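Here are a few short exercises to work through with a structure in front of you. Try each task on your own, then follow the solution step by step.

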Amino acid sequence: MIDLFSAIELARFQFAFTVSAHIIFPAFSIGLASYLAVLEALWLWKKDDAYFQVFEYWKTIFAIVFGMGVVSGIVMSYQFGTNWSVFSDKTGPILGPLMGYEVLSAFFLEAGFLGVMLFGLNRVGPRLHFFATLMVAAGTLMSAFWILSVNSWMHTPVGYGVNEAGQFVPRDWWAIIFNPSFPYRLVHMVLAAYLTTAFVVGGVGAWHLLRDTRDRGARIMFSMAMWMALLVAPLQIVAGDLHGLNTLEHQPAKVAAMEGHYETREGAPLYLFGLPDDEAEKTRYGVKIPKLGSMILTHEWDGKIKGLKAFPEDERPPSALIFWTFRIMVAIGLAMVALGLWSAWSRWRGRLYDSPWLLRAAALMTPSGFAAVLAGWITTEVGRQPWTVYGLLRTSESASPLDAPAVGISLLVFIGVYFLVFGSGTFYILRLMLKPPQAGRTEIGWPTRTAGITPGPAVGRRESEGDRHEH
Amino acid sequence: MSIDLPLIWAGLIAFAVLAYVVLDGFDLGIGILFPFLDSKADRDLAMNSVAPVWDGNETWLVLGGGGLMAVFPLAYATLLPALYAPIIAMLLGLIFRGVSFEFRGKTERGRWLWDFGFAGGSMVAALAQGITLGALVQGIEVDNRAYAGGWWDWLTPFTLLTGLSVLVGYALLGATWLFMKTENGLARQARAAAWLTGGALLVLMGAVTLSSAFLFPHYVERWFSWPALLFTLFMPVLLLACIAVFVRGLVRGHDSHPFLATIGVFVLGFLGIAISFYPWMVPPHVTIEQAAAPDSSLAFLLVGALILIPLILAYTGYAYWVFRGKVDPDEGYH
């Protein structure tokens, strides 16, 4: 099979595969680190051991996720050099220092305090331990800051010059770091990480509530997660819309591909479904709403939208994948908003913990954040093609001078190892999630609006007359 | 007078690599010794002795790699394709080693797989790092800002010798770390391993030095030129001092001395290599000056490095302090 592909196609596939596998872990660990900090703060503040038990529950899972994020991340930090050496040589003077700051301000911070957070509670006491947890959380966020600045510069490069060796060299660091797409991408990704985590935590809580509606740990998880869904999912829609408008300004070809538009026109429709065909330069079988595309993108019914045909053929991204992954991401985002509203309705009626269909829906949506994150990243990264540095450096001119067999073999080994290692890790995580949180039980089985945060002794199962939810 | 930013950065990168070699060296050494320990209890304890710190130790490798891209992009862009196979092997080894810390305690049925992954991953990573070092010593072909050699240039008897030396050196670091951090049966095993690997490392270091002298005479010229001569003359004395501390420590049971002496040997070896390489970044075609990014990049990251590296050393030191003393078999995390 190796002969069928060129070295550069294999290198691209290897990067796509390894970075997709990697992003799953930070998307979860960024959110989980912050969640752990909140749980530990609640434990110290309210002196309620239930929070500590929920903390311990997710800490064990965090350790596995973080470990997998670290090892898959080291691969990324070397793969720029092994497989994309021309890109590294040319962008190193700009992107290298940003990644250097990521290592110095984020990776060391996380790693340095991780040991204390995982193993040190009895040695340093709760306050210093909480500080360690905060530092781990801060590290994950700082890591997101720097690496998204790097990625955003590849989309919207500014503040650079070019030297005789053909390298991009810095002219204005402030402009480079806060390049035009960076603030939008940072907010969109951090919210995505928080939502991803919220839906995992909420899904696990829901799954256990379906088995035992009085499990306090599960209630804490589910209640907190549904607040996140209610408040953050709509924010994410707004952030995503702003990010899209920013993309329209700087990368209009990507937006044309996302929308399946080949023709430039005023009052462009919004395709709900369709099959973009780059050869025929049209979107087949389109199900569309007239003029809504223009409304969303320009906020005017008759706004003008550029189609893909307005760009030279060798500067267009491949549209079908972008069109579809974008729709998957948006659909999941809307479903998250819907679940948040549904949970608010149930909470208002005092039935948050015993609405079986709500709990089932939440359990079903456990992995939805990962799917949305992957789909969104595919949209934006494939949408950057055919460039590595948008408009300046082509992907075809970025790769290392490697032979196809070398890349083909390493790709096959990566695929094999990743499925074995990260498959096993996922299996262990799922097995941990199947264990009930066991953070005590609410005194009365009858769910009340405040049940999730009612302090109560961890007592064994107590039957009460009002309990309609025996199992 | 202008500040020689490339030289400062060459020093900082060298420091990061040395910190990595010493710190992750003992973690990897634990992995290398792992299958030879007597019992599962010993293996658990050995692993627990590094569980809180290995992640921080490994981060120096990311600083070495990421930092190289930032400040010496040409070196990064020529070295890594030249060393494609050993680098990929190292990354895969580090994957298995890293996840084993968490996975091993999560399964009864599959523990053998992660025991194997921990030991095998550590060995592969150590060997690949040693081969990388050897390939760098024998030189990398560079033409027109790109690697210009063959895909198997890294594989020679010399690189296999350096690979084996690093493997044995890491095992020695691991053995002396265990000697310092454990008691009774495990400490006795560690002492035996330290004698064995210590002797072997001495022989291997001698073999590497002699063969580099014969294979690459240009390094010998450097050793006997001023001011490197100063180091060349004192090196044997300092090495003997380290050996004396090592032997006394093992015989008399000064539990931290053999570990510190081994670090001393690593520092001496590293300085020897650094002196041999200067002023090359990628011998024999790319100098520090040629590989360096523009001063604006070097200065920008240097500000952060000067503020953050002391902080990193402080809280890393704190983390080691928190887990000081002998590892308690009953405090096991898993």
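The exercises below deal with chain B of a predicted model.

**Exercise 1.** Find out what radius of gyration chain B has and why this agrees with a compact globule.

*Solution.* Start with the length: chain B has 334 residues. For that number, a compact globule would have a radius of gyration near 20 Å. Chain B has 20 Å, so the two agree. Next, look at the box filled by its C-alpha atoms, which is roughly 55 × 40 × 40 Å along the principal axes. Finally, check burial: 54% of the residues of chain B count as buried.

**Exercise 2.** Describe helix α3 of chain B, its span and its surroundings.

*Solution.* First, place the helix among the 13 helices and four strands of chain B. Helix α3 of chain B covers residues 54–71, which makes 18 residues. At 1.5 Å a residue, the expected span is 26 Å, and the helix reaches 26 Å from its first C-alpha to its last, close to that value. Then ask about cover: 18 of the 18 residues of α3(B) are buried.

**Exercise 3.** Work out which elements of chain B touch chain A, and what kinds of residues they meet it with.

*Solution.* Begin with the contact, which takes 56 residues from chain B and 56 residues from chain A. On the side of chain B, the elements giving two or more residues are α3, α4, α5, β2 and α13. The most come from α5(B), with 13 residues. Sorted by kind, the residues on this side of chain B are 41 nonpolar, 11 polar and four charged.

Technical notes:
Residues numbered from 1 in each chain as written. Chains lettered and ligands numbered in written order. Predicted model: local features only at pLDDT ≥ 70, side-chain atom pairs only at ≥ 80, totals over all residues. Expected span 1.5 Å × (residues − 1). Buried ≥ 20, exposed ≤ 12 C-beta atoms within 10 Å, placed from the backbone. Rg over C-alpha atoms; globule rule 2.2 N^0.38 Å. Contact = placed C-beta atoms within 7 Å. Nonpolar A, V, L, I, M, F, W, Y, C, P; charged D, E, K, R; others polar.
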